[in-house]
Amino acid sequence: MKSLTSSSSISLLRSLFPSLSPPYRKPSLRISIRSSSSAKMEGEQQQKRVIVCGGGVIGVCTAFFLAKKGAKVTLIEKSSIACAASGKAGGFLALDWCDGTPISKLARTSFNLHRTLALELNGSESYGYRPIGTLSLSITEQDPTSSSSGSKSILPSWVDGPVRNPNVTGTIETTAQVHPQLFTRALLSFAVANHELEVVIGELERVEIEQGRVRSVVLKEKRGGESGNDNRVIETDSVVLALGPWSSCLSMISSLFNISALKVHSIVLIPKDSSTITPHALSLTYKAAYGGKPIPMDHEVYPRPTGEVYVCGMSAMGEVPDDPEQIMGDPESIKVLKRIAGTVSSYLKEGEVEVRAEQACFLPLTDDDKPVIGEMPNVKGCYVATGHSCWGILNGPATGAAMAELVLDGVSSVVDLTPFSPARFLKSTRPKHKQ
């Protein structure tokens, strides 16, 4: 892999992030964001209007990079920015955990874009960006032994439960974290303050298409007898649908491909002595004893620089409610997460922590386990970006940067979007040969 060492690469980086100046950490992956559309718009063409539907991390990252490249952007969100999974996720970032999968290039590019964004936006202070070490381990509930198999010396001191098989799975060079809600809102605030980006709170009803091209979007009328409750129509040159697990609620998407929803529970804890919790993310295989029979479950524990400790797991397929604010956690699942936290560490037991949040969110999944990123077939100017599963926070920046290039330049150079095109779901219409 090549690093950003050449003068041309550094110029490209500075053109995208003009306030970034040496010294800065050089990403381990070459990142090149074309900015040709900005120059064209100054003299050759009218400023392009783009509507982004969805105020989660994918939509905000897309709006951020579109605005940076000179588009006039309107971001439409039904409820509030990062109110669902983008506000309730763990915010874990990994350079190479997706290697060997179709999203390997996307993940590596995005991991390095996170580094660059943290430098540009003072991420360590504004949204808790920091490199972290990562460990995998297993714990069996009610295990009478407290000794660990494997090297216990790699464990941080606060992990004092009956741990077995600890292994290092990430270093400060390959794993990091952000506070997902603060990250999403920081990007949006920067773009609103420094570029042409408007935020509209409203619910998308439909996309208007004329002669095979996007013409406008229509927002649903307001409820409750408010004045001015006529449907609002916003004309646009392009629209990006970044609706997460709500993607299938739009018929133009559901008629082409399916997005299902995985409900994941989480809790946020504040230990009495947060200074004892070191920056180590834990990936757990936890065996809960139900009726004397251990049942393995996968969970994560992420300490944050704010003093919080985020614990997640207990997932199941479900149906998303119409209103994101109505998503509630299952009490039994929350109870299990609290028990897991206390088993992992005596510092996280009930009575030793303040419970700041008990919550749940839905992750968008595709049938082929790949995100959908690209232009909708047979509809010019209509793009979709969804289906990122548990890697939405990680892959937000690269998805947004690639979408901005695709919308404004016609092709993405930051990462090849061909494998993620929604056209892959088109059914073959070729006639069968007669036998």
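Let's start with β10, residues 213–219. This strand pairs with β11 in the antiparallel sense, over four bridges. One contact to look up: Val-217 has Ile-234 in β11 as its bridge partner. Keep in mind that this is a predicted model.

Now the sheet around that pair. The sheet is open, has three strands, and runs β9-β10-β11 with antiparallel pairing. Which strands stand at the edges? They are β9, 204–210, and β11, 232–235. Each has a single partner strand, so one side of each is left without a neighbour in the sheet. On average, neighbouring strands here are turned by 25° against each other, direction ignored.

Next, the six-stranded sheet. This one is also open, and the pairing is mixed. Read the order as β8-β2-β1-β12-β19-β18. At the edges we find β8, 197–201, and β18, 372–375, each pairing on one side only. The average turn between neighbouring strands of this sheet is 15°, again ignoring direction.

Go inside that sheet. Strands β1, residues 49–53, and β2, residues 72–77, run parallel and are joined by five bridges. Arg-49 stands opposite Lys-72 in β2.

Two helices to show you here. Helix α7, residues 180–194, packs on the sheet and touches β2 and β8. The direction of α7 makes about 120° with that of β8. Helix α10, residues 392–409, packs on the sheet too. Its contacts are β1, β12 (238–241), β18 and β19 (382–386). Against β19, the direction of α10 makes about 170°.

On to the aromatics. A ring pair is described by the distance of the centres and the angle of the planes. The count comes to seven aromatic pairs. I'll take two.

First up, Phe-64 and Phe-190. This pair is tilted, at 5.9 Å centre to centre and 45° between the planes. Where do they sit in the chain? Phe-64 is in helix α3, residues 57–68, and Phe-190 is in α7, the two being 126 residues apart. Both Phe-64 and Phe-190 are buried.

Then Phe-92 and Tyr-302. This pair is stacked: 5.4 Å between centres, 5° between planes. Phe-92 lies in strand β3, residues 92–94, and Tyr-302 in strand β15, residues 293–303, so the pair ties together parts 210 residues apart in sequence. Are these rings buried or exposed? Phe-92 is buried, with a relative accessible area of 9%. Tyr-302 is buried as well, at 10%.

One last item on that pair. Ring pairs link Phe-92 and Tyr-302 with Trp-97 and Tyr-310 into a cluster.

Key. Residues numbered from 1 in each chain as written. Predicted model: local features only at pLDDT ≥ 70, side-chain atom pairs only at ≥ 80, totals over all residues. Heavy atoms only, no water. Pairing = 2+ DSSP bridges. Axes fitted to C-alpha atoms, helices over the stretch in contact; angles between N-to-C directions. Contact = heavy atoms within 4.5 Å. Phe/Tyr/Trp six-rings, centres within 6.5 Å; stacked < 30°, edge-to-face > 60°. Buried < 20%, exposed > 50% of the residue type's maximum accessible area, 1.4 Å probe, protein only.
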